[in-house]
Amino acid sequence: MVEVERVRYSDNLEREKIRAMIKARKEKQKEQSFENEKAVCPECGSRNLVHDYERAELVCGDCGLVVDADFVDEGPEWRAFDHDQRMKRSRVGAPMTYTIHDKGLSTMIDWRNRDSYGKSISSKNRAQLYRLRKWQRRIRVSNATERNLAFALSELDRMASALGLPRTVRETAAVVYRKAVDKNLIRGRSIEGVAAAALYAACRQCSVPRTLDEIEEVSRVSRKEIGRTYRFISRELALKLMPTSPIDYVPRFCSGLNLKGEVQSKSVEILRQASEKELTSGRGPTGVAAAAIYIASILCGERRTQREVADVAGVTEVTIRNRYKELAEELDIEIIL
C-alpha cells in the first residue's frame, strides 16, 4: 500500500509540473502576442511608437494616437543632472567590455587602503589586504592564454590611445583579436603584429580609417609585417572590408588644418563628383582627399599651402599637385592661384 501511495504521489507531482509548464508557456505566448499588438498602431498600422515617460503613455509618432497609458517605467527612480551624480547613484557595476581579458566581470581590490565606507584601514589589517591584493592579481591572469590576451589587449589600448580612436573601434579591435585567438591564428606570429593588424581592420570596419604608416608609428612592428598579418587575418576570418573612401579622411584632415565646415562640405562635394567620374579608383585615398581639401580651401577663401595640407595628410606635395590638377581638369574647376 505504501509503495502504491508513493507512486501515486510521484505521478501527481509530475502532473502538477507539466500543468505548471503548460500554464507558463501559455502566459508567455499571451505576453508576446500582447507586445506584438502594442508594437503596431491600431489606427494607421505604423510602427513608429514613442514612449512618453513623463505622462506614462505610448504614442504613435505618425497619427498621434495614444496606444497605451499608465504603463510602468522600468528606469531608475532617481534623477541625475550630470555624469558624477549618475555614477554615484547607480547601483550596478561597469558594463561588460571586450577590451579587458576577463571582459571586466572579475573583481578588483583597490590600491587605496580604504573600506566601502571610505574609512582608512588600520595598519593591523594592511598586511593582509596587501596579500589579498597580490593573490587577486595573480588569480585574474591564471594561464598562458589569459596572459597572452591581457598583454595583447593592453597593447591594443595603448595604440588606440596614441591614435585618439573612439571606444567603438577599441571594442571592434578586441573582438577581431579574440576571434583570431579562437581560430589559433596567433601561432608563429608576434602578438604586437596581430594586435596592430586587428586595430587596422577595426578602423576600416568602423569607417574611422588610419593608414598603415600611422599604425606603424604607434606600434612596435614594421609596416610590412602589419600589412602581411592584416591580409592573413582578413582572409582567415572572412572580414568583409570595403576599400577606404577618400571622404572618410576629410573631417580629420580639415580639423587638423583648422578649416570651417563650409570647406569640409565643399571637399565632400568635389570627391562625390570625382567618384561618379571614377577619378578616385586606383589612386591613394589620402592623396585624393588632400587634393580635394586644397581645392576647396582656395574656392572658399581659406587658402592653405600644399606644404600644410601635405603635412596633415601624410603625403608629398608632388602627389597633391598631380591629384589637384587631375580633379580641376576633369571637373572643370577654375582655380585662381
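Tutor: A definition comes before the questions. Buried means under 20% relative accessible area, exposed means over 50%, and partly exposed lies in between. The model is predicted.

Student: Is C206 buried, partly exposed or exposed?
Tutor: The relative accessibility of C206 is 25%. The buried class ends under 20%, and the exposed class starts over 50%. C206 therefore counts as partly exposed.

Student: Which cysteine sulfur is closest to that of C206?
Tutor: A disulfide needs two cysteine sulfur atoms within 2.5 Å. For C206 the closest cysteine sulfur is 7.6 Å away, too far for a bond. That sulfur belongs to C203.

Student: How far is the sulfur of C300 from the nearest cysteine sulfur?
Tutor: C300 is in no disulfide. C300 is partly exposed, at 21% relative accessible area. The nearest cysteine sulfur is that of C254, at a distance of 9.6 Å.

Student: How many disulfides does a search of the whole structure find?
Tutor: The cut-off between sulfur atoms is 2.5 Å. C206 misses it, with 7.6 Å to C203. C300 misses it too, with 9.6 Å to C254. The search of the whole structure gives a count of 0.

Student: How many salt bridges does a search of the whole structure find?
Tutor: Side chains of opposite charge can pair when their charged atoms come close. The cut-off here is 4 Å between the nitrogen and the oxygen. Across the whole structure, the number of salt bridges is 12.

Student: Which residue forms a salt bridge with R167?
Tutor: R167 lies in helix α5, and its partner lies 4 residues away in that helix, about one turn. The closest N and O atoms are 3.7 Å apart, and the cut-off is 4 Å. The partner of R167 is E171.

Student: Which class of exposure does E171 belong to, buried or exposed?
Tutor: R167, its salt-bridge partner, is partly exposed at 47%. E171 has a relative accessible area of 19%. The limit is 20%, so E171 is buried.

Student: What separation along helix α12 do D311 and R307 have, in residues?
Tutor: The side chains of D311 and R307 meet in a salt bridge, 2.9 Å from N to O. D311 is exposed at 51%, while R307 is partly exposed at 40%. Both lie in helix α12 (residues 306-313), about one helical turn apart. The separation is 4 residues.

Student: Which helix holds E317, the residue that R307 also pairs with?
Tutor: In this salt bridge the closest N and O atoms of R307 and E317 are 2.6 Å apart. The pair links distant parts of the chain, 10 residues apart. E317 is partly exposed, at 25%. R307 is in helix α12, and E317 is in helix α13.

Student: Which residue is linked with E155 and R158 in a network of salt bridges?
Tutor: A salt bridge joins Lys or Arg to Asp or Glu. E155 and R158 share their network with one further residue. It is R220.

Student: Where is R189, a member of a positive surface patch?
Tutor: The patch is formed by R189, K224, R228, R231 and R235. R189 is partly exposed, at 33%. Its place is in the loop between α5 (167-182) and α6 (191-205).

Student: What is the accessible area of the nonpolar patch of M96, Y98 and L105?
Tutor: One member, L105, is found in the loop between α2 (83-89) and α3 (123-140). L105 is exposed, at 62%. Together, M96, Y98 and L105 have an accessible area of about 310 Å².

Student: Which segment or loop holds D332, and what is its phi?
Tutor: Most residues other than glycine have a negative phi. D332 has a positive value. D332 is exposed, at 68%. D332 lies in the segment after α13, and its phi is near 55°.

Student: What is the phi of A56?
Tutor: A56 lies in the loop between β1 (49-52) and β2. A56 is buried, at 18%. Its phi is positive, near 55°.

Student: How far apart are the C-alpha atoms of L65 and A173?
Tutor: L65 lies in the loop between β2 (57-60) and β3 (66-69). L65 is partly exposed, at 29%. A173 is 108 residues from L65 along the chain, and their C-alpha atoms are separated by 44 Å.

Notes. Residues are numbered from 1 along each chain as its sequence is written. This is a predicted model: local features need pLDDT of at least 70, side-chain atom pairs count only at pLDDT 80 or more; totals for chains, interfaces and linings use all residues. Side-chain values use heavy atoms; hydrogens and water are left out. Patches are made of residues with over 30% relative accessible area and no salt bridge: like charges are joined within 9 Å, nonpolar side chains (Val, Leu, Ile, Met, Phe, Trp, Tyr) within 5 Å. Accessible areas come from the Shrake-Rupley method with a 1.4 Å probe; for residues, only the protein chains shown count as cover. Lys and Arg count as positive and Asp and Glu as negative; His and the chain ends are not counted. The place of a charge is taken as NZ of Lys, CZ of Arg, CG of Asp or CD of Glu. Helices (H or I, at least four residues) and strands (E, at least two) are DSSP runs, numbered from the N terminus. Buried means under 20% relative accessible area, exposed over 50%, partly exposed in between (1.4 Å probe, protein chains only).
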